[in-house]
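This briefing covers the sheet, the helices and the cysteines of one protein model. Please read it with the structure open.

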Amino acid sequence: MSLVTLRPMRAEDADTVAALHATSWRSAYRGMLTDDFLDNQVVADRQAVWRERLQGPATAPAFGVVAEDAKGQMIGFTYVLLHHDPVWGSLIDNLHVLPEHKGDGIGRRLLQAVAKQLGTEHTRPCFLWVLDANEPAKRFYARMGAEFAEQSMAPPFGGVSLPEWRCVWRDPATLLNDA
Ligand SMILES: CC(C)(COP(=O)(O)OP(=O)(O)OC[C@H]1O[C@@H](n2cnc3c(N)ncnc32)[C@H](O)[C@@H]1OP(=O)(O)O)[C@@H](O)C(=O)NCCC(=O)NCCS
C-alpha cells in the first residue's frame, strides 16, 4: 500500500470532503437511496452540510480527521461530534474511504485516530449509525469490535427513511489493540 498520512480536518477542506462523501454515497448507497438523489442532488446536499459544519459558526464540539495519499489527495475522512449523547457518548458521524482505496486499512486507521483523540479528551463511549442494508460496512464494524446495540429508523435523507443500527464502542481504547 502506498504511503497514507492522517491529519486534522480543516475549514478549507469542506468542498473536498463533500466531493468524497458524495462519491462514497454514490458507490455504497446505490439502490438504498433514490437514483435521483444520488445522480442529481448529492453533491449540493453534501456541500451544504460540510460548508455549514466546517465554515459556519461552531455549534458543538467536534473534530475531523482526513487521510491523504502520497500526492496529498484526500482518500478518506471521519468526523466526530463530541459528547453528543448522554448515554452513548461521542457520535462518529461519517467514516468514508474512496471506493478504490477500500480494504487498504484506512478505515481502521481513521477509527484508531478517533479512539486516540477521544482518549486524550477523556471521552467514552462512542458510537455511530450504520444502515442495516450496508452489509459491507456492518462486517467492517463487527471486525472492529463494535457492539450492535439497537436498531432504529434513520431520519429521512436522500429521499428515503431506512432502518439502521447503533454501533457502540463502550471503551474506544479497545480499537487501539487491533493491529
Ligand atoms: C466501511 C469502510 C469505512 C471500511 O474502511 P476500509 O478502509 O475499507 O476498511 P479496512 O481496510 O480498514 O478494514 C479493516 C478490517 O476490516 C475488514 N473489512 C473491511 N471491510 C470489510 C467487509 N466488507 N467485509 C468483511 N471484512 C471487512 C478488513 O478485512 C480488515 O480486517 P483484517 O485486518 O482482519 O483483514 C469503507 O469500506 C467505506 O468507506 N465504505 C463505503 C462507505 C461506508 O459504507 N461508510 C460507512 C458508513 S456508516
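The points below are grouped by topic, and they describe a predicted model. Seven strands form an open sheet with mixed pairing, helix H2 bends at Gln 41, and the disulfide count is zero.

**Sheet**
- The strand order in the open sheet is S1-S2-S3-S4-S5-S7-S6.
- Strand S1 (5–8) and strand S6 (147–153) are the edge strands, and each of them pairs on one side only.
- From one strand to the next, the twist averages 25 degrees.
- Strand S5 (residues 126–131) pairs with strand S7 (residues 163–169) in the antiparallel sense, over six bridges.
- Within this pairing, Leu 131 has Glu 164 in S7 as its bridge partner.

**Helices on the sheet**
- Helix H1 packs on the sheet, where it touches S3 and S4. The direction of H1 makes about 95 degrees with that of S3.
- Helix H4 (residues 135–143) lies across four strands, namely S4, S5, S6 and S7. Relative to S5, helix H4 runs at about 155 degrees.

**Helix H2**
- H2 spans residues 35–55, which is 21 residues. The distance from its first C-alpha to its last is 29 Å, close to the 30 Å expected at 1.5 Å a residue.
- At Gln 41, H2 bends by about 70 degrees.
- The buried residues of H2 are Phe 37, Leu 38, Val 42, Arg 46, Trp 50 and Leu 54; an arginine, Arg 46, is thus listed among them.
- These buried residues pack against helix H1 (14–28) and against two strands, S3 (74–85) and S4 (89–97). Strands S3 and S4 are also touched by H1.

**Cysteines**
- No disulfide is counted in the model, where the rule asks for two cysteine sulfur atoms within 2.5 Å.
- Why does Cys 126 form no bond with the closest cysteine sulfur? The sulfur of Cys 126 is 10 Å from that of Cys 167, which is too far for a bond.
- The reverse also holds: for Cys 167, the closest cysteine sulfur is in Cys 126, at 10 Å, and is too far for a bond.
- Are these cysteines buried or exposed? Cys 126 is buried, with a relative accessible area of 1%, and Cys 167 is buried as well, with a relative accessible area of 0%.
- Cys 126 falls at the start of the range given for S5, residues 126–131, and Cys 167 falls within the range given for S7, residues 163–169.

Key
Residues are numbered from 1 along each chain as its sequence is written. This is a predicted model: local features need pLDDT of at least 70, side-chain atom pairs count only at pLDDT 80 or more; totals for chains, interfaces and linings use all residues. Side-chain values use heavy atoms; hydrogens and water are left out. The expected span of a helix is 1.5 Å times one less than its number of residues. The bend at a residue is the angle between axes fitted to the seven residues ending there and the seven starting there. Buried means under 20% relative accessible area, exposed over 50%, partly exposed in between (1.4 Å probe, protein chains only). Contact means heavy atoms within 4.5 Å. Two strands pair if DSSP finds at least two bridges between them. Axes are lines fitted to C-alpha atoms, for helices over the stretch in contact, and angles run from 0 to 180 degrees between N-to-C directions.
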